[in-house]
Amino acid sequence: MIIKKMKKLPEDFLWGASTSAYQVEGANLTNGKGPSVQDVKKVPEGTSELDVCADFYHRYKEDIALMGEMGFKTFRFSIAWSRILPEGVGAVNKEGIDFYSDVIDECLKNNIEPLVTMFHFDLPAALEKKGGWSRRESVDEFVEFAKILYENYGDRVKYWLTINEQNMLTLVGDVIGTGSTEGVENKYKKLYQDNHHMLLAQAKAMKLCHEMLPDAKIGPAPNISLVYPASCKPEDMLAAQNFNAIRNWLYLDMAVWGRYNNLVWTYLEERDALPDILPGDMDIMKAAKPDFIGFNYYNTATVQWADASGDVKLGDQQSGAKEPGVYQSFANPNLLRTEFGWEIDPMGFRATMREMYSRYHLPMIVTENGLGAYDKLTEDGKIHDEYRIEYLRKHIEQIKLAVSEGVEMMGYCPWSAIDLVSTHEGVVKRYGFIYVNRDEFDLKDLARYRKDSFFWYKKVIESNGEEL
Ligand code: BG6
């Protein structure tokens, strides 16, 4: 549709940006924090450890002040489960409780609404050692953690996100360091059993949130990329539907409607991998209702039909994969790519928002979107990241178009507020509005610099998206 009458974004649109605890904080094994799965993994060759990251743990006041200077209405950050509960369950680390309490207060002092992710890729290592999400107990462990968060921060936090990118935990956990399936006999069975427990934990945490904090709002935060068929061949269309179901709809159908997507169900049945579901589980899933949908969007995916031969090929969050007999990724020739090979598709962002809204009819907030690049700090302390401005501008334009088409959008939180460590490509893959002066292995002075995108975003926020 060519829109002739553009609608304005809502006055209370939540402009902000995102980070996650294990990628930004540092102090990963100090101040009472227990190790998470991220701290015990072998980091990919050529990338730094997670002991310092952007040193947000010690510099959060300066960082939040900079976010305030940009005019952020919200800041999406995550709470490290093992900073609150070093063993995942049991004894609480008071220093951890106080740290996030201070972060929340600092946000409020700067007129920034905290948007808290409860779990972002960092299961306590102690729980993983016992079997992680494969154990039924993991459901109650998560709910107990959620209860502690509601008790301690519920007086000040109005917006909650349950689990970041549960779909990526399931599909590419090996790549993002959330768990390995090495040596597991039927890895589908394990992964989708873990997934069932996470879905149940999420449903229970949403219900508890509504009981304990009636004024708060809570939602999931999967990574949603609309999947295109590589051509108008009917086989490619089926492949696109397969991957859409496996990658996207399973997670949202469950969070919103409390039912398993039928294509995914069949896919699991075929692999002898149906999850064990206890009586009552599906009632819990059905009863839990999110208030909104948070979602991360980087680009679309394109797939073609895959015959039944060949091996499974793994991608990462945004790059291609193959499953014989189900789908095979296809490089979309119509799209540009980032320096790190991820496709760029602003129009696909609109298509994704339209599709999600027409399926679920819930307000939505973008909890991640952004461009990873090798930024350069100039001698006079500048970072000319025009490419990032271009990327974000084009995506915000599409939000405005989607809103003009009747899609309800609550806010936009690109990745990331500040430079941090990427999931598997190191510190040099930068996303922030704020530059952190460090290299992969040389920590330098960790000083903060405002990138060109910082000044640009400030104006975008000031004008509520009118000045792009
Ligand atoms: C999302 C994650 O998958 O993408 C973030 O939620 C991550 O944790 C972001 O950092 C960008 O991906 P990457 O691999 O470039 O860090």
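Colleague: Which four strands form an open sheet with mixed pairing, and in what order?
Modeller: In this predicted model, the order of that open sheet is S6-S8-S10-S9. Strand S6 (227-229) and strand S9 (322-323) stand at its edges.

Colleague: What makes S6 and S9 edge strands?
Modeller: Each has a single partner strand, so one side of S6 and one side of S9 are left without a neighbour in the sheet.

Colleague: How do you know that S8 and S10 pair?
Modeller: Two strands count as paired if at least two bridges are found between them. Strand S8 (residues 301-304) and strand S10 (residues 327-329) are joined over two bridges, in the antiparallel sense. The two therefore meet the cut-off of at least two bridges. One residue pairing can be named: Gln-304 has Gln-328 in S10 as its bridge partner.

Colleague: Which strands make up the open sheet of eight, and is its pairing parallel or antiparallel?
Modeller: The order is S5-S4-S3-S2-S1-S14-S13-S7, and the pairing is parallel. Strand S5 (217-221) and strand S7 (293-296) are the edge strands, since each pairs on one side only. From one strand to the next, the twist averages 30 degrees.

Colleague: How do you know that S7 pairs with S13?
Modeller: S7 and strand S13 (residues 364-368) run parallel and are joined by four bridges. The cut-off is at least two bridges, so they count as a pair. Phe-295 stands opposite Val-366 in S13.

Colleague: Which helix lies across S3, S4 and S5?
Modeller: Helix H7 (residues 137-153) lies across strand S3 (113-119), strand S4 (159-164) and S5. The angle of H7 to S3 is about 160 degrees. Angles over 145 degrees count as roughly antiparallel, so H7 is roughly antiparallel to S3.

Colleague: Why are H3 and H15 called oblique to each other?
Modeller: The axes of helix H3 (residues 56-70) and helix H15 (residues 452-462) cross at roughly 55 degrees. Roughly parallel needs an angle under 35 degrees, and roughly perpendicular needs 65 to 115. The angle fits neither range, nor is it over 145, and H3 and H15 are therefore oblique. Their axes come within 8 Å.

Colleague: Which residues of H3 and H15 meet?
Modeller: From H3 there are Leu-66, Glu-69 and Met-70; from H15 there are Phe-454, Tyr-457, Lys-458 and Ile-461. By class, the contact of H3 with H15 has five nonpolar, no polar and two charged residues.

Colleague: What makes the two residues in that contact charged?
Modeller: Asp, Glu, Lys and Arg count as charged. Glu-69 in H3 and Lys-458 in H15 belong to these types, so they are the two charged residues of the contact.

Colleague: How many cavities of 30 Å³ or more are there?
Modeller: The count comes to eight. A cavity is a space where a 1.4 Å probe fits but cannot get out. The largest cavity has a volume of about 210 Å³, and the second largest holds about 150 Å³.

Colleague: What lines the largest cavity?
Modeller: The lining has 18 residues, and those nearest the centre are Trp-133, Leu-169, Thr-178, Gly-179 and Asp-194. Helix H8 (166-176) and helix H9 (187-212) each give two or more residues to it. H9 has the largest share, with four residues. The classes of this lining are eight nonpolar, six polar and four charged.

Colleague: Which residues lie nearest the centre of the second largest cavity?
Modeller: They are Tyr-298, Gln-317, Glu-368, Trp-415 and Thr-423, out of 17 lining residues. The lining divides into five nonpolar, eight polar and four charged residues. Trp-415 also has a backbone feature: the peptide bond from Trp-415 to Ser-416 is cis, with omega near 5 degrees. Ser-416 is in the loop between strand S14 (409-412) and strand S15 (434-436).

Colleague: What volume does the largest pocket have, and which residues lie nearest its centre?
Modeller: Its volume is about 560 Å³. Among its 40 lining residues, Phe-243, Gly-315, Ser-319, Gly-320 and Ala-321 lie nearest the centre. At least two residues each come from H8, H9, helix H10 (234-257), S8, S9 and S10. H8 supplies the largest share, six residues.

Colleague: Which residue has a positive phi although it is not a glycine?
Modeller: That residue is Cys-53, with a phi of about 50 degrees. Cys-53 lies in the loop between helix H2 (37-40) and H3.

How values were computed:
Residues numbered from 1 in each chain as written. Predicted model: local features only at pLDDT ≥ 70, side-chain atom pairs only at ≥ 80, totals over all residues. Heavy atoms only, no water. Axes fitted to C-alpha atoms, helices over the stretch in contact; angles between N-to-C directions. Contact = heavy atoms within 4.5 Å. 1 Å grid on protein atoms, 1.4 Å probe; cavity = no way out; pocket = protein on both sides within 12 Å on 5 of 7 lines; lining within 4 Å. Points joined across faces, edges and corners; volume = space filled by probe spheres on them.
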